[in-house]
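User: Could you walk me through this one and show me the reasoning behind the labels you use?

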Amino acid sequence: INIGAKLQFYYDFSDGKFTDSSSTDSDVFSRRFDTYLVFTRFSPVNIKTINKKIESVNKEDCVGIKGTFEYLYSGRSLCIITKEGQIAAIGGYWENTEIAELKYTVFY
């Protein structure tokens, strides 16, 4: 996912749709700042920050999360429980968020 120059970005992990406009299927949205992204969830979604690279996150890291608001810095990841109850992780690496590219995984 390349967030490009978008200030806000919306994520629907169940369908793999990521856009600059909100929809009823959106799970979380991010707002871009100089060196980090702030993620906020849509109810009943839950999120939490994991101090792991996206390639190292596994499903067990995401069990029992209850967060509503999280910061995402380069090299860290977020665990997300979607509206449908699926578990996903998102993270990436960047020098500044203008060129941030994020990777995501949905665990089954």
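Analyst: Sure. Let's begin with charge: the 13 positive and 14 negative charges of the chain have mean positions 4 Å apart. Bear in mind that this is a predicted model.

User: What makes the chain as compact as a globular protein of that length?

Analyst: First the fold: the chain has nine strands and zero helices. Its radius of gyration is 12 Å, and the globule rule gives 13 Å for 108 residues; the two are close, so the chain counts as compact as a globular protein of that length. The C-alpha trace spans about 30 × 30 × 20 Å along its principal axes, and 42% of the 108 residues count as buried.

User: How many aromatic pairs does the count come to?

Analyst: It comes to 14 aromatic pairs.

User: Why is the pair of Phe 9 and Tyr 11 called edge-to-face?

Analyst: Their ring centres are 5.6 Å apart, and pairing needs centres within 6.5 Å. The planes sit at 70 degrees, and over 60 counts as edge-to-face, so that's the label. Both Phe 9 and Tyr 11 are buried.

User: And what makes Phe 13 and Phe 18 edge-to-face?

Analyst: Here the centres are 5.6 Å apart and the planes are at 65 degrees, which is over 60, so this pair is edge-to-face.

User: How do you know whether Phe 18 is buried or exposed?

Analyst: Buried means under 20% relative accessible area. Phe 18 has 17%, so it is buried. Phe 13, at 3%, counts as buried too.

User: Which residues do ring pairs link into a cluster?

Analyst: The cluster consists of Phe 9, Tyr 11, Phe 13, Phe 18, Phe 39 and Tyr 104.

Note on methods
Residues are numbered from 1 along each chain as its sequence is written. This is a predicted model: local features need pLDDT of at least 70, side-chain atom pairs count only at pLDDT 80 or more; totals for chains, interfaces and linings use all residues. Side-chain values use heavy atoms; hydrogens and water are left out. Helices (H or I, at least four residues) and strands (E, at least two) are DSSP runs, numbered from the N terminus. The radius of gyration is taken over C-alpha atoms; the globule rule is 2.2 Å times the number of residues to the power 0.38. Buried means under 20% relative accessible area, exposed over 50%, partly exposed in between (1.4 Å probe, protein chains only). Lys and Arg count as positive and Asp and Glu as negative; His and the chain ends are not counted. The place of a charge is taken as NZ of Lys, CZ of Arg, CG of Asp or CD of Glu. Rings of Phe, Tyr and Trp (its six-membered ring) pair if their centres lie within 6.5 Å; planes under 30 degrees apart count as stacked, over 60 as edge-to-face and the rest as tilted.
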